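Student: I have not seen this structure before. Could we go through its ligands and the terms used for them?

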Amino acid sequence: MQICDSCRFRKNCEVGGFVLNRVDPLTGLLTKKCFYLSVRNLLDTHTAISFELFRINVERLNIINELFGEITGDKLLQEIGSALQQLSIPVGVAGRLYADNFVVFYPAQKQYRLGITEALRQVRNSFSHLCTVQFACGIYHITKRRLPVSCMCDRANLALKRAKGNYLLEYGEYDEEIHSRILHEQSIIGMMDQALQEKQFEVWMQPKYDTATGDRIIGAEALVRWRHPEKGLISPQNFVPVFERNGFILKLDFYVWERTCQLLEEWRKRGLPMLPVSVNISRLDIDYPDLASFLYDLVQKYQLKPEMLQLEITESAYRDNAQQIIVVTRKLQQLGFTILMDDFGSGYSSLNMLKDVPVDILKLDLHFLKSKDQSGRGGNILNSVVRMAKWLNMSVIAEGVETLEESDFLRNIGCHIVQGYYYSKPVPAEEYAKMIAASGTKEDPMPECLNIEDMNDIWNPYVQYSILFNNKVCAVAMVKYSAQNGLSLLRGNDGYFLLSGEVADDNGTSGKLLLPQMLEEDRERLRCMLANFDADHPEESVLLVRCLHAGTLQWISVQAFLILKDTWRSLLYLFLRDITGLREKIKYNQELA
Ligand code: C2E
Ligand code: CA
Ligand code: CA
């Protein structure tokens, strides 16, 4: 490989009166500035030749440095340098831009491309006894010769990103698609400030529903829309990622959060039900100094409780920035905000991580589970995640619910809070206001509904509890037993409340003692029986007596079945039958006999 004639045999290169370091001492390739000048020189002096720029990045060089030492890392860079210098390209230059970023500029011919990929293959092979070396490569075929060389390198870098992590692709190429994406991004960036000033961004609401209580609205998610004067309504997918890259998302999110608070205040003044609204928090927002105080001041300004503004943080942010998020979210929780982990299931977080992060609600995205589901496994995963969340004392909401079947399935596995097109698409704020006004929703029921304990076990589809829990003929109760807290009722069906004479609350749970007025000695017997339950001994019958008003006795036969048991507690369901009448009949018959 030749280097440009003007500096070929000299250590330094003089350009326009400046003396530049010509060669990178580690690799022997041109330094960035000298590479840029050499490329410009080649373009100006070889106007008939069509060129291309090949960019190379060593994947995970930092890990090679860490595992095998910097000497090995440096050796690798040196080998790349000498391999590129040895390329037989008569009109071309090679340089090291910085760190592990290399560039080669050469006439656009297939043989030269192949020469570069072959040289890289040899470097990789020569290190294979020591470590695995991977390169990500990108090519920009020079279509605009007047473009600054730094931009040419950027374009090759965009092409490189396409191939990064894809070991089947030797290199990515800069093409029309990347080009139009850049133009699109530039046009969006050019318009964003004015759009914010002119209030072109609108906050829409997508309602969230509780299917356990007749599909009533229990809150919403605020989602931004851009109403552009010429382009019409633009979806956030087209601009949020751009703003996340250039930092404008911070300004936009502040605007959306404030607008959401304004709407909540307005609805309160209009006497509409006060239901929480969740807003999206971007990765960049987390780094904003004292985000927690900022949000707290914001809700105070509109005289709202922090619970009214829930915060959705995407799962992938936890992966990138776990420590920082833990600090920020803990503070937010202490101030009274509810934290949702958004897009749970998109594939990044380990379930193990969940126990360490301060999250109140897991937001499952059915999209991710559906797309991976080829054999019904998605359903099993969902079921397990819902169970696990409950055991970790987290609530669950499912989003992206599109069909009745999905909604039924979710209800059966104990996930009652849902959001999705099946129920409602995102709607303009005023339309949402009309929806909540019409739904006559009670105030703030969300936390209560989300805290139903172990509902997933109650609604386990395999055992079809749902049938049991929706009839009056047979009395069924779901109970939890632990040595520490004794017996508590989790849920009873209508038949149970008929039998016991207690009053059920909204969730079918009395929250009180199982069968009040039971004789103490019988309660003790029941406790002993349940304490001895295990996998080999999972069912038992017992006869209990209750002493009702005025000394009347009620005889109840109980059949108990163990559902699951861990070190601390057992979950059981009980079939109960009032046999007082039957006993009297038997006694009467015995007396007759
Ligand atoms: P997200 O936070 O996951 O929001 C849910 C997205 O799923 C919304 O798309 C919603 O319209 C869509 N969706 C809801 N139900 C269904 C369904 O049943 N089927 C299908 N196919 N889609 C459904 P949208 O409004 O286009 O927003 C896309 C993403 O843009 C959001 O995903 C969020 O990441 C981001 N975003 C939206 N508004 C904001 C905002 O104000 N700030 C920030 N930082 N990001 C926002
Ligand atoms: Ca969200
Ligand atoms: Ca989501």
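Tutor: A pocket is found on a 1 Å grid over the protein atoms alone: it is an open set of points with protein on both sides within 12 Å along at least five of seven lines. A molecule sits in a pocket if more than half of its atoms lie within 2 Å of its grid points. Ligand 1 meets this and sits in the largest pocket. The model is predicted, so local features need pLDDT of at least 70 and side-chain atom pairs 80 or more, while totals for chains, interfaces and linings use all residues. Residues are numbered from 1 along each chain as its sequence is written, chains are lettered from A and ligands numbered from 1 in the order written, and side-chain values use heavy atoms, without hydrogens and water.

Student: Which residues come nearest to ligand 1?

Tutor: A residue is near a molecule if one of its heavy atoms lies within 4 Å of it. Of the 24 residues around ligand 1, those that come nearest are Arg-225, Asp-253, Ser-282, Glu-402 and Tyr-421. Strand β9 gives the largest share of this shell, four residues; strands are DSSP runs of E, at least two residues long, numbered from the N terminus.

Student: What makes the pair of Ser-282 and ligand 1 a polar contact?

Tutor: A polar contact is a pair of N or O atoms within 3.5 Å. An N or O atom in the Ser-282 side chain is 2.9 Å from a nitrogen atom of ligand 1, so the pair falls within the limit. Oxygen atoms of ligand 1 also pair with a polar backbone atom of Tyr-421 at 2.8 Å and with a polar side-chain atom of Asp-342 at 3.1 Å.

Student: What are the protein donors of the calcium ion (ligand 2)?

Tutor: Donors are N, O and S atoms within 2.8 Å of the metal (3.2 Å for Na, K and Ca); water is not among the atoms, so sites may look incomplete. Glu-221 (OE), Asn-280 (OD1), Glu-312 (OE) and Asp-342 (OD) lie 2.2 to 2.4 Å from the ion, and they count as its donors. Glu-221 is in strand β9 and Asp-342 in strand β13, so the pair ties together parts 121 residues apart in sequence.

Student: Which residue coordinates both calcium ions, ligand 2 and ligand 3?

Tutor: Asp-342 coordinates both, and the two ions are 3.9 Å apart. The protein donors of ligand 3 are Asp-342 (OD), Asp-343 (OD) and Glu-399 (OE), the last listed twice, at 2.1 to 3.2 Å.

Technical notes:
A polar contact is a pair of N or O atoms within 3.5 Å; within protein, one must be able to donate a hydrogen and the other to accept it, and residues adjacent in sequence count only if both atoms are side-chain atoms. On a 1 Å grid over the protein atoms alone, a cavity is a set of points where a 1.4 Å probe fits but cannot get out, and a pocket is an open set with protein on both sides within 12 Å along at least five of seven lines; lining residues have an atom within 4 Å of a point.
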